[in-house]
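This report looks at the pockets of a protein and at the contact between two of its helices.

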Amino acid sequence: MSKTGRWARSKKEAQRLEDATEAHFADPVYYTASYRERVDDVDYYLAEAAQHERVLEYGCGNGRIALPIAYSGVAVTGVDRSAPMIHDFRRKLRRGNATVRSRVEVRRGDMRTLKLRSKGTKKTQ
């Protein structure tokens, strides 16, 4: 699409939107409050994950979807590039059930470059 099209943005506007998005996904408290009542996607991913022994969630954030999957009995590898979100996810794991904790592997990294050891996982996002 040309720069004069409907979706054209100035560089300043594009940067402002990118910064706002980064802030949204870098603040676990804000993220949790923003998504508190959103459960339909969690239900969807729980149903999808139930068909597998292990899933991979890119953009796992602070575990909003990965933790319910792990509690359902499915092993989860979660990957996110936001250090504050990963820190919050790990904090939740430490405070949670040891059996669930054993089902979860949390990795900080960029999905475009991160190398994972395991193959055959089902992506949830």
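The text below covers confidence, then pockets, then helix packing.

This is a predicted model, in which local features need pLDDT of at least 70 and side-chain atom pairs count only at pLDDT 80 or more, while totals for chains, interfaces and linings use all residues. Residues are numbered from 1 along each chain as its sequence is written, and side-chain values use heavy atoms, with hydrogens and water left out.

The protein has a mean pLDDT (the predictor's confidence in each residue, from 0 to 100) of 85, and 85% of its residues reach 70 or more. Confidence is highest in helix H4 (residues 66-71), at a mean of 97, and lowest in strand E4 (residues 122-123), at 52. Helices (H or I, at least four residues) and strands (E, at least two) are DSSP runs, numbered from the N terminus.

A pocket is an open set of points on a 1 Å grid over the protein atoms alone, where a 1.4 Å probe fits, with protein on both sides within 12 Å along at least five of seven lines; lining residues have an atom within 4 Å of a point. The two pockets compare as follows.

| Pocket | Volume | Nonpolar | Polar | Charged |
|---|---|---|---|---|
| Largest | About 550 Å³ | 8 residues | 6 residues | 9 residues |
| Second largest | About 160 Å³ | 4 residues | 2 residues | 4 residues |

Here Ala, Val, Leu, Ile, Met, Phe, Trp, Tyr, Cys and Pro count as nonpolar, Asp, Glu, Lys and Arg as charged, and the others, Gly among them, as polar.

The largest pocket holds about 550 Å³ of space. Among its 23 lining residues, Phe25, Gly59, Asp80, Arg81 and Met111 are the closest to its centre. H1 supplies the largest share of this lining, 5 residues. In the second largest pocket, H2 gives the most, with 3 residues; the lining includes Tyr31, Thr32 and Lys92.

Tyr31 and Thr32 in H2, together with Pro28, also meet Pro84, Met85, Asp88 and Lys92 in H5, where contact means heavy atoms within 4.5 Å.

Methods
Grid points are joined across faces, edges and corners, and a volume is the space filled by probe spheres set on the points.
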